[in-house]
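Student: I'm new to this one. Could you walk me through it?

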Amino acid sequence: MTINKKLCPAGLKNNPNRALKSLDYITIHCTGNRNATATAANHANYQLGGSGGNQTSWHYTVDKDSIWQSFEDKRECWHAGNATGNATSIGIEICVNDKSGFKAACENAAWLTAELLTQHKLAIDKVVQHNHWSGKNCPAELRSGEWGVTWIDFIASVKRYLDAKGGTASDDILIISPAAAGYLQAEAWAKSMGATDTFVSLARKYWDYAPARGEVNPVIAFCQSALETGYGKFKGVLDETYKNPCGMKTTKGGSDDDSDAHQRFVSWEDGVKAHLEHLALYAGAAGYPLKNSYDPRHFPYLLGTGKTLKTMAAGWCPGNPNYALQVKGMMDKVAAMKAEHTQSVAKLTPEQIITALAGKVTIASPDYWVGVLKGNTIVNCDYLTTLFARLAGFDV
Ligand SMILES: [Zn+2]
């Protein structure tokens, strides 16, 4: 498609006259103006006229036929209702002047979004709603789906355009990104693949330990572990006694076929923590490198050298060009497993947890739980202990 331009000059009341602080997001809006004349071109004219003297501006307006750009990508606009959103994102307004043309307008906006993601090397999870910044019900028609296109549909369209471009953004994924599945899905998937019982039991550990380790995506880590260990069957030089979930080598390192070059961990817990801390280091997580890490190869020079699955894979396993693809294929299967009762505990609010526990355990007196939190009372369930300790803000 053609991107038409009517750039707003400096000095207009709607122009903040400054550069973006950084270009990290694309913010999607719906205009909210259902008049037939509220086309993309007319919105561009409105902005060129100074937005009626209001501090209101955005980068692109899209309708069923056309795209109009009003500000350069790297300039700030006033569209997010929030200083961070304004200073770090490109705003796209989708016109709602024509209900029957809304689907086409969304397609055009998805095409534009894919173009911008590619151009600015952003991953698809950087596409956010106006609601993300200010809580406003915008893009209203996409949020409600009332005109036949939901937010999920929109993101799927963006992905389709990225794939059609052969772009890198959609088939890659940030190491630090939300998990698309809970540990029960991961366990179910591992079982379906004939994994060992020990390997299946690692899923919970990955999901439990990842939040405190740079919020590394546990699905990536668990699937990588499946690849590295052959679902716990260890056909290479390692076996279960190493408690090494990721083929981690010793600090000194050595050849892939030298069993002495591989780390022996005291416990599977330590092995999983080491793996996650190694990934967090690659991802450049805040606070890394750690002063004390379970990771025997916690070399500062690795910091931030593999922020995505593909770049991490290139560093971790340069000999296998399909490594990232194999991990991604596994991840898609985990996410496709039945999602019953699989909400990640780490993401639950205390209210949700209390609801989930209702009828399953007896909630004893508050003093009882205070004892649990302080570690004075042993609950006969590791899971609950972990859960309540995490609620209290402990790193477990
Ligand atoms: Zn909006």
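What follows is a short chat about this predicted model.

Student: How many helices and strands does the protein have?

Tutor: Keep in mind that the model is predicted. Counting the secondary structure of the protein gives 15 helices and 6 strands.

Student: In what order do the strands sit in the open sheet?

Tutor: The sheet takes in 6 strands, and their pairing is mixed. β1 (3–5) and β6 (127–129) each have a single partner strand, so they stand at the edges, with one side of each left without a neighbour in the sheet. On average, neighbouring strands are turned by 30° against each other, direction ignored. Going across, the order is β1-β4-β3-β5-β2-β6.

Student: Which residue in β5 is the bridge partner of threonine 61?

Tutor: Start with β3, residues 60–62, which pairs with β5, residues 89–94. That pairing is parallel and has 3 bridges. For threonine 61, the bridge partner in β5 is glutamate 93.

Student: At what angle does helix α1 run to β4?

Tutor: Helix α1 covers residues 40–48 and lies across β3, β4 (67–69) and β5. Its angle to β4 is about 10°.

Student: Why do the buried residues of α11 line one face of the helix?

Tutor: In α11, residues 309–316, the buried ones are Leu309, Met312, Ala313 and Trp316. They line one face because, seen down the axis of α11, they fall within an arc of 100°.

Student: Which helices do those buried residues of α11 pack against?

Tutor: Leu309 and Trp316 are among the buried residues of α11. The helices that the buried residues pack against are α9 (218–229), α10 (268–283) and α12 (323–336).

Note on methods. Residues numbered from 1 in each chain as written. Predicted model: local features only at pLDDT ≥ 70, side-chain atom pairs only at ≥ 80, totals over all residues. Helix = DSSP H or I, 4+ residues; strand = E, 2+ residues; numbered from the N terminus. Pairing = 2+ DSSP bridges. Axes fitted to C-alpha atoms, helices over the stretch in contact; angles between N-to-C directions. Contact = placed C-beta atoms within 7 Å. Buried ≥ 20, exposed ≤ 12 C-beta atoms within 10 Å, placed from the backbone. Arc of directions from axis to C-beta.
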